[in-house]
Structure formats: C-alpha cells, structure tokens
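Welcome, and please open the model in your viewer with the sequence panel alongside. We will go from stop to stop, selecting a few residues each time.

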Amino acid sequence: MLKCNTLIPINFSKDINDYFLNYYTINQWEEICSSLSIPPCMTYIRVLSQNDNDRDNISIILQEIINEQCKSKEWDDIKIIKHEILPDVLYIPIYGPFNDIIPCNKEIIVDKSTGTSILRGADIFAPGVLAARPVEVGENVAVMVDIDGNCRRGYLKNYTGKKLFVGNGKMLMSRHEIFSSNPSELSGIGVLMTQPLYRTPSISTSLSSHLSSLIFLQNKPSILVGHLLNPQSGDNIIDMCASPGGKTTHIASLLLRNSSCNSDKSSDGIIIATDRSKQKVDKINQNAVRCGVKRLVKSFVLDATKAILSDNEVINFNLKDLKCGDQIKGFPKEFFDRILLDPPCSNLGQRPNFSINAKLSDITITIPDYQKKLFTSAYKLLKPNGVLFNPAENEQVISWALKNFPGLSLIEPEIKLGDPGLEGTGLNETQRFMVQRFDPGIKSGYDTIGFFIAKLKKIH
C-alpha cells in the first residue's frame, strides 16, 4: 500500500512571501513556513496552584497517568519536565514525525480542528468524527483530516476530497453510535490514537479526571505573559481581549500568589476581563470557575476600542453595580494599574496549521489599524506609572505607539525566553532587545507557536 503524505506545507501568496523576505533570510522564512504545519516540540502545562510545592505533587500524579497511557499504546516512556525558569510550568516532549506508519485499510474523516488537536497529542472525541464507512468498536482505522472542509457529517461513501493522514487509531465507538445522535449530544472518546504521526500523551483525556482542577494546557509564550505582567496586591487589572481566559486566570493566580494573604479582601485587587461577545465572556467565566479564581475575575461584554466613559458617564460609574456577563459601556480614564492587551491578530503563527488564507492587506493594514485603536483605548485607561503589556501583531505597532504616545516607554523584561525584535521595523537596537519574538522553527530551544511580546510603562 502506498503511504499517504504526512505533511502539507504552508504556501503563502507571492506578495506575502516578498513582504516577509524584507525581514527574514530565505532560509529563515522557509524554516518558519515548514514549521507552521507541524506541532511545536513541547506541550506546556500550567499548574493551577499558588503553592510552589504543588508542582512536584501534580507532576507525580500526571506522570503516573502518562505511564499508563504509554503502556496501553505500547509506546516508549515519556517523561514530564519541570520548566527551569517558570515555576508553575511543566512540559512534555512531542516526538515525531513517525513517517514509517502505514495507514490502515479502513479510514475515518475528521475536521481540521480535530486534526490540529491530534497532532498535539489528543485522542478523538466522538463529535470530532465527520465521516466513517461501516466500522465497529475495536477496529483499527486510518485517521484523515478533511483539508478543504467539504466533507459532510455522516458521509458514507469513500471521501475523495483533499485529506491528510495524521495516524492510526482504534475505534472506541461504532459508526452507528457516533452518527445516531446530534454532535451536541455526544461525549467521550470515539477513537483512541494508537499510532499518531506525532507522539505525546493525551492530556485532554487526562483532564476528564480530577486533574481538570489542577492543570491548564497553555502555550509557553502565553504563560510568560502573566509572569511579566507581575500583578501585585491591590492592583486594578484589565485583560482587554480576554477570551478564552487562559491569561486572565493565570494573572488571577499570580495575584493571589503575590498578595500578602489569600483571604477574600478587596486589597487582593481585581481583574476585569472583557471581550466583544457574550459567548466569549461565558467561556472566560467557565475557565475562571475551573481554575478557582472566580472571586477575583469580573468579566463583561465590551468593545474595547470604545472602552472610555465620558465625563457624564463617569459620575454614575460604580464597579460594584456591574453584573458579570453583562454588556457595559466602559471605564473611567486612568482606572487601571496594569493592562494586558492581546488583540486579535492574523493567526499566522498558530501551530499546527493546515491552511492559511491571509491577505497582505490584513497583515499590513486591516489588523494593525484595529490594534492601534485598541492600543489607544488601553493608553487612556492606564494610570500614570501603570504597566501596559502588549502581545501585539509585531514591532511596527509598538514603534507606532512609542511615537504617538510620548508618555510610554519600553520596559526591560524580567524574564527573556524569546528572540529580539526584527531589524528594520521601526525599533532601534536598544528597543529591539527589549521586546521578545517567538518565531516557529527559528530557534529549536524556543520552538513554540508564533508570538510577540512588549512591556511598556506610562511615565505621565
């Protein structure tokens, strides 16, 4: 049997390639593009605890679960590693690709979202199965990702659209069980990935146990954000584009850790989390409850580009009157001590990524313009001497902000895990080394999703 292709490289349009070749060498850009369609080399786990010793205990529990998984799938041992700098982080290697895997005769089709999860270690939850020919519990199947998104759920014939092989699995549910119910009514693992193209334990499966209240899957640069923001007792903090709430809940955990006591007092400070839709805000609330920080997090529906209250509206503003989950008008100027602004971006650096339909105008005009509107709101909401933390699209937005807001200055980050900013983007040499860039594939030790970080202070 012929072996299926194991990698679909990301291909950008000529104008996008030409744009990025202004900042990267050809070899660097080819390395980035090659890395985008495969997972990072590590899975990162944030420990949900304010006690440093708990990381050791949770590591032991999680290692036992991983050992059981490896034994059941006949894998070599996979060991958890404690991050040497970030005290609340564990990580697990991702091994692969195992290009010698021969696809099984029978196959199932999954969507791109499920395919992405598989490549990062997940088994297949039943709702993620799009199509399968007659197959029973216990049968081995080849798992194919529907690249073009044209496969209809429950499709019975042989699907001939563009698809990508991501490994073999064992059916834990029959075709009838999977497709006799609506996806919203399905639960549980439908397919156990026994021979994935990339091998790492299924932490999402482990989360169905008591571990769900102890750990949180999160990319390393996102975890770094919370530590660099460094929330302190009594701070008023806002996460302006907060969904799904990973960074929000981390900030809340660090606020508890940095407070002199963990009792329910107003001196602990408060974290406001906003996003533009009720659905996104509900997700923030769910994660706040799960992470045990709900008492510190107040979430609201808000268009953060219009977050400044007028003088008349400020007269009647009282934070205690605002009900979590409601749509609100905004906040008074200079209300916050620390602001996290992680605005919507092009998502070019998400991994693994099977297809990117970005336009050059999105990268150079549409998205940066929207980010500048958000940045302007953030600047107005920040108190003098307050800290603005901006994982923005790129250096050019930071350069624009420094020129347009003379009261802002870059801060040297306390922890550096990324590379300096790119040359020729508007930042001088000193400023380039005060921001952090995470480029997929460029530095193997930092092999993560694409990310950019800048920390700024409002001097006046």
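Which residues of E3 lie on one side, which lie on the other, and are they buried or exposed? Keep that in mind as you select strand E3, residues 89-93. Please remember on the way that this is a predicted model.

**Stop 1: strand E3**

Colour Val89, Tyr91 and Pro93, which sit on one side of E3, and then Leu90 and Ile92, which sit on the other. Every one of these residues is buried, and both faces of the strand are covered. Put as a count, five of the five residues in E3 are buried. A general point helps to read this view: side chains in a regular strand alternate between the two faces of the sheet.

**Stop 2: the sheet around it**

Now add the neighbours of E3. The open sheet has four strands, ordered E2-E3-E1-E10, with antiparallel pairing. At its edges are strand E2 (81-82) and strand E10 (215-217), each of which pairs on one side only.

Start with E1, residues 42-47, which runs antiparallel to E3 and is joined to it by five bridges. Select Met42 and you will find its bridge partner, Pro93, in E3. Further along, Arg46 stands opposite Val89.

Then turn to E2. This strand also runs antiparallel to E3, with two bridges between them. Lys82 has Leu90 as its bridge partner in E3. Follow the backbone from E2 to E3 and you pass through a hairpin of six residues.

Before leaving, show the side chains of Arg46 and Phe216. The charged end of Arg46 sits over the Phe216 ring, 5.0 Å from the ring centre.

**Stop 3: two nonpolar cores**

Next, select Phe331, Ile339, Phe375, Ile398 and Leu456. These are the residues with the most contacts inside the largest nonpolar core, which has 38 residues. To see where the core comes from, show strand E12 (270-275), strand E14 (336-340), helix H11 (360-381), strand E15 (382-390), helix H12 (395-404), strand E16 (408-410) and strand E18 (451-458); each supplies at least two core residues. H11 gives the most, with five residues.

Another core, of 36 residues, lies apart from this one, and its members include Val89, Tyr91, Phe216 and Val387. You have already met Val89 and Tyr91 on one side of E3, and Phe216 under the charged end of Arg46. As general background, nonpolar side chains tend to be buried together in soluble globular proteins.

**Stop 4: aromatic pairs**

Switch on the aromatic side chains. There are 17 aromatic pairs to find. Begin with Phe317 and Phe335: their ring centres are 5.4 Å apart and their planes are at 85 degrees, so this pair is edge-to-face. Both residues lie in the loop between helix H10 (311-315) and E14, so the pair ties together parts 18 residues apart in sequence. Phe317 counts as buried at 19% relative accessibility, and Phe335 is buried at 18%.

For a contrasting geometry, go to Tyr379 and Phe405. Here the ring centres are 4.4 Å apart and the planes are at 25 degrees, so the pair is stacked. Tyr379 belongs to helix H11 and Phe405 to the loop between H12 and E16, so look for a link between distant parts of the chain, 26 residues apart. If you draw a distance between their C-alpha atoms, expect 8.1 Å. Both residues are buried, Phe405 with a relative accessibility of 11%.

Stay with Tyr379 and add Lys458, which lies over the face of the tyrosine at 4.4 Å from the ring centre.

To finish with the rings, select Phe12, Tyr19, Phe20, Tyr23, Tyr24 and Trp29, which ring pairs link into a cluster.

**Stop 5: helix H9**

Last, select helix H9, residues 278-290. Its 13 residues reach 18 Å from the first C-alpha to the last, close to the 18 Å expected at 1.5 Å a residue.

Which residues of H9 are buried? Highlight Val281, Ile284, Asn285, Asn287 and Ala288 to see them. Now look down the axis of H9: the buried residues fall within an arc of 165 degrees, so they line one face of the helix. Rotate to the other side of H9, and you will find Gln279 and Val289 exposed. In general, an α-helix has 3.6 residues a turn, so residues three or four places apart point the same way.

Note on methods
Residues are numbered from 1 along each chain as its sequence is written. This is a predicted model: local features need pLDDT of at least 70, side-chain atom pairs count only at pLDDT 80 or more; totals for chains, interfaces and linings use all residues. Side-chain values use heavy atoms; hydrogens and water are left out. A nonpolar core is a set of buried Ala, Val, Leu, Ile, Met, Phe, Trp, Tyr and Cys residues joined through side-chain atoms within 4.5 Å. Buried means under 20% relative accessible area, exposed over 50%, partly exposed in between (1.4 Å probe, protein chains only). Two strands pair if DSSP finds at least two bridges between them. Rings of Phe, Tyr and Trp (its six-membered ring) pair if their centres lie within 6.5 Å; planes under 30 degrees apart count as stacked, over 60 as edge-to-face and the rest as tilted. A charge sits over a ring if NZ of Lys or CZ of Arg is within 6 Å of the ring centre and within 35 degrees of the ring normal. The expected span of a helix is 1.5 Å times one less than its number of residues. The arc is that of the directions from the helix axis to the C-beta atoms.
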